[in-house]
Amino acid sequence: MNDRPILRFPNPTSSIRLTGNSSFLPQPRGPGRAGQGQRYQSTFNSLSKALENADPDFALRSDPSGIAPERALVFVTAGSVQNFARAAQAVGLEVFAENELESLDDFPDGFQPPGTESDLSRTLYATMPTLEFFRKILSFWNAYQNDEDAPRGAAPWWTAFDLLLELRPWGPEDRLTEGARNVIEDRLPFDDDEEVSIEFEIWPTANTERRTAWRRETEQRIVEVGGRVLDTSSISGDGFTYEAVLAGLPVNAVRALLDDPGDLDGLTSLEGVQFILPQTIGQAAPSDPEGDTGDHDPQESFSADAPIRAALLDGTPVAAHAALDGGVVIEDVNDLVRLSEVNHRAHATAMASLILRGDLEADGNALQDTRLVCVPLLIDGDNGAWTPDNKLFVDLLHTALTQLITAEDPLAPDVFVVNFSIGIRDARFAGRISALARLIDWWAVKEGILFVISAGNIGEGLTLLGTNTLAFDDADDVERREMVRSSMRDSIYDRTLLSPAEALNGISVGAISRDLNGYTPPTLAGVMTLEGDTESLPQMTSALGLGLHRSIKPDLLGVGGRQEVRANPSGDNAVLRSLDVSQRTGLVVASPNGGDHATKKSRGTSPAAALTTRAILQSAEALTGAEGPYEGQELPRRDFALLTRALAVNAARWPEDACNLYNEELGRFGRYHHARAKEEVCRYFGHGTLATEMMQDSPEAGVTLVGLGSIRKDQAQIFTMPLPASMSGERVPRSMRVTIAWFSPVNAARAQYRLASLEAVAADEIDDEGDSSWGLDLKSDGDGPDANMVKRGSVWSRRLVNRIRKVPEFSEDAVIPICVQCRDASNGGLSPDDDIAFAIAVTLEIEAEVQYDIHEEIEQKIRLSLRRGT
């Protein structure tokens with residue numbers, strides 16, 4: 001029995017959101033009506049002439065490079081236009097994308113950046129016009145040029161005309177981006193008789209017939225250039241649309257596409273295609289060929305009656321291995337198991353053993369409250385595990401989730417957490433959220449599923465510019481660390497998250513370089529670690545954040561095995577590489593080679609994610625187990641997912657090494673650039689390193705409370721946390737962590753992809769401005785993410801520390817009112833009818849030895865409150 005269980009908040013009361021003081025944000029300015037008339041009047045004159053034609057549709061479409069009905073139309077504006085999507089919808093214009101573009105330092109005459117800024121921000125709106133829309137926009141333009149007032153609801157169009165930088169069709173450079181071109185070129189085989197796998201993403205219109213027609217046109221053109229249609233996908237639901245074709249193209253057709261993307265008869269001219277992409281190839285790290293390190297003899301078995309609460313989407317595990325036997329169920333919904341030889345099934349076997357038993361030397365205890373279902377998405381081979389070359393990966397994942405969760409006869413309807421230790425080859429996050437990440441976000445919202453995603457491993461070595469191997473080997477630990485950090489800064493945009501780790505509603509996990517078994521291998525010449533025995537540093541290969549709109553990604557760091565490195569010469573520089581082929585260090589996992597008890601060692605973000613999934617399952621067991629806050633209850637899938645997500649982030653802390661990095665970055669940027677310095681730290685550490693024990697128990701000198709709620713736009717729910725009377729007037733150091741987790745609805749057609757934003761304030765009255773000291777004279781902790789950064793994702797978490805040691809005096813019945821409130825983060829995209837479920841976790845801790853127990857005091861007050869019905 002746990003003597004310091006996590007407690008449960010009394011049920012919240014409902015209120016409305018505290019609006020606070022609105023702030024004015026300066027906006028960019030355009031050259032005015034006359035200036036815009038000079039730039040665009042000829043375009044609208046041509047449009048007017050075409051509309052006067054007996055067959056205006058034919059007249060417009062006769063120019064293959066001009067604007068036309070059902071040919072995607074691009075508006076690029078300075079800044080952004082408030083309520084553009086709503087105004088577009090009112091005139092029958094479907095908006096597919098609203099993307100923030102890179103700011104301009106050289107912009108057209110007449111435009112002015114907002115306020116004192118020197119660069120001009122830009123927003124791209126990708127739309128699909130109709131003939132009726134063109135008639136409407138022409139009338140709007142003429143009224144605008146005549147200095148007439150905008151009709152009711154049309155004001156955003158006047159703003160768009162004021163700020164318009166570009167008006168053009170969606171072109172080849174939009175469909176085939178520079179990044180996609182580079183990857184496709186790198187994958188071109190030397191043999192011209194081979195084929196190249198290319199994906200064509202169709203515009204995600206809500207009109208099924210139109211999507212189908214565009215897909216068929218794309219298929220026909222693929223065949224005409226000598227290619228084959230390998231796979232197609234059509235997924236359409238409330239909040240997510242995906243239509244795509246996977247093609248096998250002859251090398252000469254791909255070369256033509258790359259050499260002349262502007263060819264009006266080429267594949268880049270397909271009007272129904274939004275993007276042309278290299279095939280999405282899921283991958284898992286190759287197995288270490290050095291083999292096994294030992295045997296594991298499990299001491300306890302799994303419960304055959306335990307529900308299946310977790311899913312592993314990976315390769316195929318060896319379910320008969322002694323560490324997995326009875327704990328894993330394999331569901332081969334994609335018919336891939338037969339393609340994976342048993343001795344190659346290393347990655348999924350390792351991940352399953354970490355989820356079910358942890359490190360087999362340091363832990364090894366079987367989970368008793370759950371079993372694990374594995375749906376293979378990868379084919380295991382001697383060089384790692386890969387997705388099939390004739391399948392769309394988005395469709396593979398969607399099919400797996402459908403069969404598990406929502407099919408007529410679902411295979412594992414109790415699953416609330418999905419482990420996704422798969423990265424997408426060549427798909428480093430560069431600002432545009434991938435279809436795979438969007439699918440994950442959609443499933444999280446729709447079904448209440450928590451995805452635990454590995455941040456990805458960067459396989460390329462780290463080039464230490466200006467440093468040779470001799471200088472690096474001779475340097476001391478401090479000098480080496482500075483060399484590595486300097487090189488990481490120089491290459492930071494080449495080491496970003498691997499898709500789909502940018503997913504908003506998942507937990508993305510980076511890796512700490514640390515082992516759990518306490519073993520230190522003997523010294524080996526030329527081999528070293530970058531951290532000391534007591535330090536907590538990310539692995540050099542752990543992919544870096546940030547996420548979409550500079551949100552905190554990775555969310556946290558988990559233990560990923562100790563990483564050893566070696567410096568190799570490369571010209572005048574040294575290249576630092578990890579020892580991937582080594583069994584000296586790492587987490588001890590089950591192995592498919594050497595018999596049913598064989599083990600080996602594993603390192604990277606994949607094992608870190610698997611151990612995080614294990615901690616989530618253990619946390620769920622503690623929540624409903626003996627003395628838990630929901631003892632004996634069978635919580636719905638969404639409640640488990642939200643509670644454990646909140647507890648995971650709540651249990652993450654910046655270690656001392658993160659704080660040291662913050663001080664270094666502050667020195668580099670300047671003493672007043674705190675937010676920028678913290679942003680850099682979050683690239684590496686996220687919310688911090690995960691203390692798994694904090695997800696199951698209250699701290700030794702403190703208390704953790706959790707609660708559940710549901711909220712709508714501009715509403716609030718107030719949780720009351722009793723204050724322990726023993727703290728009143730005492731001189732003690734103290735801290736409080738407040739964390740809220742929710743699955744935000746998303747909309748890829750908006751620049752603000754996230755629709756719902758939640759936060760907490762200490763207030764219980766509508767007109768209350770909130771208690772910034774949270775009743776205990778607290779302030780924001782300097783050793784943690786910036787207060788504005790935590791507002792960008794779908795987890796909000798703040799750590800507060802005492803301003804002075806003396807606790808304010810308060811009455812016996814004093815409470816902290818914690819007001820959780822919701823606002824529309826997308827400027828009009830969140831429906832007032834959307835119910836946003838959330839979980840809250842709060843930890844109050846005394847950071848000194850005292851003679852009283854605040855856990856016991858708060859627990860008694862909560863019980864008394866529940867008996868009174870208050």
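How many bridges join strand 31 to strand 38, and in which direction do the two strands run? In this predicted model, 10 bridges connect strand 31 (residues 702-711) with strand 38 (residues 836-846), and the pair runs antiparallel. Within that pairing, L705 of the chain stands opposite V842 in strand 38.

Both strands belong to an open sheet of 6 strands with the order 1-31-38-33-36-35 and mixed pairing. Strand 1 (7-8) and strand 35 (778-780) form the edges, each pairing on one side only.

**The chain as a whole**

The secondary structure of the protein chain comprises 19 helices and 38 strands. The radius of gyration is 28 Å, close to the 29 Å given by the globule rule for 870 residues, so the chain is as compact as a globular protein of that length. Along its principal axes, the C-alpha trace spans about 90 × 70 × 60 Å. Of the 870 residues, 57% are buried. Among contacts with a separation of 6 or more, 82% are between residues 24 or more positions apart. The chain exposes about 35600 Å², and carbon and sulfur atoms supply 44% of that area.

**Two helices**

The table sets out the spans of helix 14 and helix 16.

| Helix | Residues | Length | Expected span | Distance between end C-alpha atoms |
|---|---|---|---|---|
| helix 14 | 477-490 | 14 residues | 20 Å | 20 Å |
| helix 16 | 637-650 | 14 residues | 20 Å | 20 Å |

For helix 14, the distance between the end C-alpha atoms agrees with the span expected at 1.5 Å a residue. The corresponding values for helix 16 also agree.

The N-terminal end of helix 14 is capped by D476, which has a side-chain oxygen 3.2 Å from the backbone nitrogen of V478. The buried residues of helix 14 are R480, R481, V484, R485, S487, M488 and R489. Their cover includes three strands and three helices: strand 21 (462-464), strand 23 (527-528), strand 26 (573-578), helix 13 (469-474), helix 17 (656-669) and helix 18 (674-685).

In helix 16, 13 of the 14 residues are buried, so this helix is largely enclosed by the rest of the structure.

**A buried loop serine**

S591 lies in the loop between strand 27 (587-590) and strand 28 (598-602). Is S591 buried or exposed? S591 counts as buried because its relative accessibility is 0%, and buried means under 20%. The side chain of S591 reaches the backbone nitrogen of N593 at 3.2 Å.

How values were computed: Residues are numbered from 1 along each chain as its sequence is written. This is a predicted model: local features need pLDDT of at least 70, side-chain atom pairs count only at pLDDT 80 or more; totals for chains, interfaces and linings use all residues. Side-chain values use heavy atoms; hydrogens and water are left out. Helices (H or I, at least four residues) and strands (E, at least two) are DSSP runs, numbered from the N terminus. The expected span of a helix is 1.5 Å times one less than its number of residues. Buried means under 20% relative accessible area, exposed over 50%, partly exposed in between (1.4 Å probe, protein chains only). Contact means heavy atoms within 4.5 Å. A polar contact is a pair of N or O atoms within 3.5 Å; within protein, one must be able to donate a hydrogen and the other to accept it, and residues adjacent in sequence count only if both atoms are side-chain atoms. The radius of gyration is taken over C-alpha atoms; the globule rule is 2.2 Å times the number of residues to the power 0.38. Accessible areas come from the Shrake-Rupley method with a 1.4 Å probe; for residues, only the protein chains shown count as cover. Two strands pair if DSSP finds at least two bridges between them.
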